Amino acid sequence: MNSVLLASNRGPVSFTVSDDGELTMRRGGGGLVSGLSGVAKDDGVLWVCAALSDGDRIAVRLATGGRIDHAGYDTGPLRMLDIPPATFHRAYNAVANSTLWFVNHLLYDIPNSPNFGTRFEREWESYRDYNGAFALALAEEAGHGARVMVQDYHLTLTPAMLRAERPDLRIAHFSHTPWAPPEYFSLLPDDVAGEVLEGILGADHAGFLTDRWAQAFMDCCERLLGAEADRVGRSVTYEGRTTRIGVHSLGVDGDALWQRACEPDVESHMTALREQVGDRKLIVRIDRTELSKNIVRGLIAYREFLAAHPEWHGRVVHLAFAYPSRHDLPEYREYTASVQRCARQIEDEYATEDWDPLILNVNDDYPRSLAAYRMADVLLVNPIRDGMNLVAKEGPVLSPRCALVLSREAGAAAELGAHALVVNPYDISGTAAALHDALVMPEDERRTRRDKLHAAATALPPQKWLATQLEALT
């Protein structure tokens with residue numbers, strides 16, 4: 001039985017199956033996986049996750065009890081859940097990504113959406129079943145008095161479900177997203193909003209990336225549940241139980257990131273990129289084509305910068321790596337298309353025979369991203385709303401002279417804002433001006449800011465981040 005367990009939708013590895021039926025394992029994607037996979041493996045934490053692909057499901061069925069670590073793969077302790085595809089699709093796409101994500105990132109087009117009817121009731125039932133599958137697996141795997149770390153908006157109901165099964169456990173829930181204020185969170189049906197809040201309050205400890213998101217959660221509990229919120233002591237008391245509220249700002253393991261960024265595949269990408277861009281200055285962005293990341297406004301701001309500063313024509317290149325995200329959802333397919341259309345407009349307007357002002361790449365390539373970080377003169381991070389944003393922290397770790405243009409709506413702004421160029425993500429002209437200021441920043445100021453960004457970004461690496469939450473459960 002396990003003494004420490006970690007539960008999340010996505011796991012540390014994923015599997016693909018070739019035409020001849022051979023399974024290949026690779027590193028899982030996403031910021032949460034990047035931050036926690038090394039910690040979990042080194043510390044022997046059992047990671048419970050969902051099978052996301054056909055390859056994952058085949059791997060689970062070949063493993064005893066879904067324990068991938070017992071199937072000949074060097075993953076660290078791992079149990080993967082083979083949830084029925086229809087249930088998973090409704091829980092993941094319809095509820096987690098199309099409802100809870102939209103609510104907490106304030107993404108709805110309010111005059112037209114959301115619309116909650118009988119279809120959503122069926123989707124919510126699948127979300128309950130999905131959370132129930134995690135609660136059951138954790139209850140089976142946990143030793144007496146074990147500590148369980150439940151991650152993110154996919155699993156908001158799991159803490160209360162798990163507590164009902166195993167009251168002996170110490171349970172934490174952590175939200176990697178922002179949290180909506182009560183007036184926006186109450187867009188959800190009343191019973192659903194209550195169920196989400198009560199689900200998280202089933203935990204002994206509820207963690208958030210910034211004080212801003214923690215305060216919003218307490219506001220929702222107070223306003224929508226009638227719970228008692230202690231903002232000084234950071235706790236919520238509801239129906240006789242008290243859940244402590246914690247703020248744990250996930251940082252970067254600078255040494256491990258730098259070691260990975262110096263490997264040969266990254267060096268070869270740096271060589272290729274340098275051949276492509278020459279000695280021009282580089283404005284870099286690295287994002288998923290996620291609605292909240294604000295890529296289109298970032299591209300429009302770059303176009304406005306080029307229009308306002310012809311002296312930079314031929315002297316700067318924008319490397320925009322925008323990797324596909326959630327293409328099962330039509331909104332995301334259209335957003336990716338919008339990004340590509342905007343990029344073509346910039347190329348058509350400004351490109352010359354010997355200068356490509358913009359290099360857009362939509363094919364996920366982690367080593368190439370690390371190479372771009374190392375080469376960046378300016379890093380653009382301008383989300384509409386973001387729980388933290390690890391890109392804002394990884395860039396200053398890897399670039400020796402990176403100036404950071406950072407949205408005030410990113411959680412990272414709470415730690416990095418004093419040393420970054422902070423922008424309103426909706427203000428295109430303001431962002432264009434910040435790009436120019438970042439490019440012309442004096443070298444001594446640039447390096448001073450970067451050093452302070454580096455220190456802040458590495459202040460709470462994943463090992464310490466996890467340890468602080470485990471300590472909160474003792």
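In the predicted model, strand S16, which spans residues 403–407, is mostly covered, with five of its five residues buried. The burial extends to both faces of S16, since Ala403, Val405 and Ser407 on one side are buried, as are Leu404 and Leu406 on the other. In a regular strand, side chains alternate between the two faces of the sheet, and the two groups of residues in S16 are set out on its two sides in this way, with Ala403, Val405 and Ser407 on one and Leu404 and Leu406 on the other.

The neighbours of S16 were examined next. Strand S15, comprising residues 378–381, runs parallel to S16 and is joined to it by four bridges; within this pairing, leucine 379 has leucine 404 of S16 as its bridge partner. The connection between S15 and S16 involves helix H14 (residues 391–398), and the three elements together make a right-handed β-α-β unit. Strand S17 (residues 421–423) also pairs with S16 in the parallel sense, here over three bridges, and valine 405 stands opposite leucine 421 of S17. Leucine 404 and valine 405, the residues named in these two pairings, are both buried, leucine 404 on one face of S16 and valine 405 on the other.

The loop between H14 and S16 holds arginine 401, which forms a salt bridge with glutamate 443, the closest N and O atoms being 2.6 Å apart. Because glutamate 443 belongs to helix H17 (residues 443–457), this pair ties together parts that are 42 residues apart in sequence. Arginine 401 counts as buried, with a relative accessibility of 16%, whereas glutamate 443 is partly exposed, its relative accessible area being 34%. Glutamate 443 also meets the side chain of arginine 447 in a salt bridge, at 3.4 Å from N to O. As glutamate 443 and arginine 447 are four residues apart in helix H17, about one helical turn separates them; arginine 447 is partly exposed, at 37% relative accessibility. A network of salt bridges with shared partners likewise joins Asp54, Arg57, Arg61 and Asp82.

Over the structure, the count of salt bridges comes to 30. Side chains of opposite charge can pair when their charged atoms come close. One of the salt bridges links aspartate 168 with arginine 166, with 2.8 Å between the closest N and O atoms. In this pair, aspartate 168 is partly exposed, at a relative accessible area of 23%, while arginine 166 has a value of 15% and is therefore buried, falling under the 20% limit for that class.

Aspartate 437 was considered separately and lies in helix H16, which covers residues 428–440. With a relative accessibility of 43%, aspartate 437 counts as partly exposed. Although 130 residues separate aspartate 437 from alanine 307 in sequence, their C-alpha atoms are 15 Å apart in space.

A search of the whole structure for internal space returned one cavity of 30 Å³ or more, and the space within the largest cavity amounts to about 30 Å³. The lining of the largest cavity is formed by Leu100, Asn104, Tyr153, Thr156, Trp179, Phe185 and Val196. Sorted by class, this lining contains five nonpolar and two polar residues, and no charged residues.

Key: Residues numbered from 1 in each chain as written. Predicted model: local features only at pLDDT ≥ 70, side-chain atom pairs only at ≥ 80, totals over all residues. Heavy atoms only, no water. Buried < 20%, exposed > 50% of the residue type's maximum accessible area, 1.4 Å probe, protein only. Pairing = 2+ DSSP bridges. Right-handed = clockwise from strand over helix to strand, strands pointing away. 1 Å grid on protein atoms, 1.4 Å probe; cavity = no way out; pocket = protein on both sides within 12 Å on 5 of 7 lines; lining within 4 Å. Points joined across faces, edges and corners; volume = space filled by probe spheres on them. Nonpolar A, V, L, I, M, F, W, Y, C, P; charged D, E, K, R; others polar. Salt bridge = Lys/Arg side-chain N within 4 Å of Asp/Glu carboxyl O.
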